[in-house]
Amino acid sequence: MFETEFFGWGAPIWAVAVAATLLGGIVRGFTGFGFALIVISALLLVADPVSVVPLALILDLLAGFTLLPQNYREVHWAGIRQLVLGSVIGVPAGFACLLLVEPEPMKIAIYLGILVSVLLIARGFRLASVPGNGMLAGTGVVSGFMSGAAGVPGPPMVLLYLSSPLPVSITRATGIAFFIATDILALALAAYKGLIDADMLIRSAALVPVMAAGTAIGHRLFGVTRPDLVKRAAILLLGLLAIVGIGKVLIG
């Protein structure tokens with residue numbers, strides 16, 4: 001049966017894209033992260049990676065710019081500098097390992113590491129003090145490595161901050177700023193590889209209002225919700241993403 005397409009996507013793909021963008025926006029506005037992972041995981045069920053990943057990064061970047069002005073003063077800027085510095089080192093290392101090591105075992109090891117970290121924090125693991133430059137830079141290296149090897153840069157940074165004495169609001173704001181930097185780097189690489197075309201830009205523009213509505217809802221929920229609930233939601237999301245990631249590797 002002939003199916004009408006709009007800018008390269010049929011109605012079923014658009015339906016999934018709208019639903020995933022709205023949910024991802026709500027989660028991003030509430031916890032400060034998770035948008036790209038949710039959108040990519042959902043759309044990869046119905047579309048090819050080349051048309052999905054850059055689009056998710058564009059929307060995630062715009063979501064970050066939407067949220068940053070409201071959270072700018074709570075960003076841990078000293079941490080951002082070290083995280084980004086480490087990521088610049090970690091990303092090439094991750095890509096190198098991706099070329100040298102079978103990706104499936106590596107991804108399972110990474111997701112298992114995330115699960116262990118989540119369980120430690122859920123059971124009350126805490127850092128005695130605010131992370132220093134060395135720990136922050138090291139976390140940036142791990143985040144960059146995970147980005148290059150498995151496309152999941154967020155969990156190390158989020159887990160580090162959630163286990164620190166810093167308030168949840170700082171964790172959320174710092175995540176917003178950090179992912180803006182990583183999105184810009186990734187999109188620059190995507191553009192260099194010729195992965196961004198006119199159809200993708202039009203799809204992104206069409207989904208911007210949906211993303212904006214989702215982030216506004218999530219930000220509103222954050223404003224009226226207890227900080228400990230936000231922390232539990234972030235831990236739960238990380239755990240679920242790790243389990244889904246392991247499942248996708250084992251099934252696929």
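This passage describes helices, buried and exposed residues, and selected contacts in a predicted model.

Two of the helices can be set side by side by their dimensions. Helix 8, which runs over residues 168–192, consists of 25 residues and extends 36 Å from its first C-alpha to its last, close to the 36 Å expected at 1.5 Å a residue. Helix 10, covering residues 227–251, likewise has 25 residues, and its end-to-end C-alpha reach of 36 Å is close to the 36 Å expected at 1.5 Å a residue. Within helix 10, the buried positions are Val230, Lys231, Ala234, Ile235, Leu237, Leu238, Gly239, Leu241, Ala242, Gly245, Ile246 and Val249. As a general point, an α-helix has 3.6 residues a turn, so residues three or four places apart point the same way.

Charged side chains were examined next. A search of the whole structure finds one salt bridge, in which the side chains of Arg28 and Asp60 meet at 2.8 Å, N to O. Arg28 belongs to helix 1 (residues 11–31) and Asp60 to helix 3 (residues 49–71), so the pair ties together parts that are 32 residues apart in sequence. In general, side chains of opposite charge can pair when their charged atoms come close. Both partners are buried: Arg28 has a relative accessibility of 0%, and Asp60 has a relative accessibility of 5%.

Helix 2, formed by residues 35–43, contains Val39, which counts as buried because its relative accessible area is 0%, with under 20% taken as the limit for buried residues. When residues up to four places away in sequence are not counted, Val39 touches Ala20, Thr21, Val52 and Ala56. The C-alpha atom of Val39 is also separated by 8.9 Å from that of Ala19, a residue 20 places away along the chain.

Two buried serines make polar contacts with backbone oxygen atoms. The first to be described, Ser87, is found in helix 4 (residues 77–100) and has a relative accessible area of 6%, which makes Ser87 buried. A polar atom of the Ser87 side chain lies 3.2 Å from the backbone oxygen of Gly140. Gly140 also appears among the residues that Ser87 touches, which, without residues up to four places away in sequence, are Pro92, Gly140, Val141, Ser143, Gly144 and Phe178.

The other serine, Ser164, is placed in the loop between helix 7 (154–162) and helix 8, and despite this loop position Ser164 is buried, with a relative accessible area of 0%. Here the backbone oxygen of Tyr161 is 2.8 Å from a polar atom of the Ser164 side chain. Leaving aside neighbours within four places in sequence, Ser164 is in contact with Arg126, Leu127 and Pro131. Ser164 is 45 Å in space, C-alpha to C-alpha, from Gly10, with the two positions 154 residues apart in sequence numbering. Gly10 itself is part of strand 2 (residues 9–10) and is buried, with a relative accessible area of 2%.

Helix 8 and the segment that follows it include both buried and exposed residues. Thr182, found in helix 8, counts as buried at 18% relative accessibility, a value that falls under the 20% limit. The C-alpha atoms of Thr182 and Asn71 are 18 Å apart in space, and the two residues are 111 residues apart in sequence. In the loop between helix 8 and helix 9 lies Lys193, which is exposed, with a relative accessible area of 62%. Lys193 and Leu83 are 110 residues apart in sequence, and their C-alpha atoms are 25 Å apart in space. Gly194, just after helix 8, takes a positive phi of about 75°.

On the surface, a nonpolar patch is formed by Leu22, Ile217, Leu221 and Val224, which together have about 320 Å² of accessible area. One of these residues, Leu221, is found in helix 9 (residues 198–223) and is partly exposed, with a relative accessible area of 37%.

Notes. Residues are numbered from 1 along each chain as its sequence is written. This is a predicted model: local features need pLDDT of at least 70, side-chain atom pairs count only at pLDDT 80 or more; totals for chains, interfaces and linings use all residues. Side-chain values use heavy atoms; hydrogens and water are left out. Helices (H or I, at least four residues) and strands (E, at least two) are DSSP runs, numbered from the N terminus. The expected span of a helix is 1.5 Å times one less than its number of residues. Buried means under 20% relative accessible area, exposed over 50%, partly exposed in between (1.4 Å probe, protein chains only). A polar contact is a pair of N or O atoms within 3.5 Å; within protein, one must be able to donate a hydrogen and the other to accept it, and residues adjacent in sequence count only if both atoms are side-chain atoms. Contact means heavy atoms within 4.5 Å. Patches are made of residues with over 30% relative accessible area and no salt bridge: like charges are joined within 9 Å, nonpolar side chains (Val, Leu, Ile, Met, Phe, Trp, Tyr) within 5 Å. Accessible areas come from the Shrake-Rupley method with a 1.4 Å probe; for residues, only the protein chains shown count as cover. A salt bridge is a side-chain nitrogen of Lys or Arg within 4 Å of a carboxyl oxygen of Asp or Glu.
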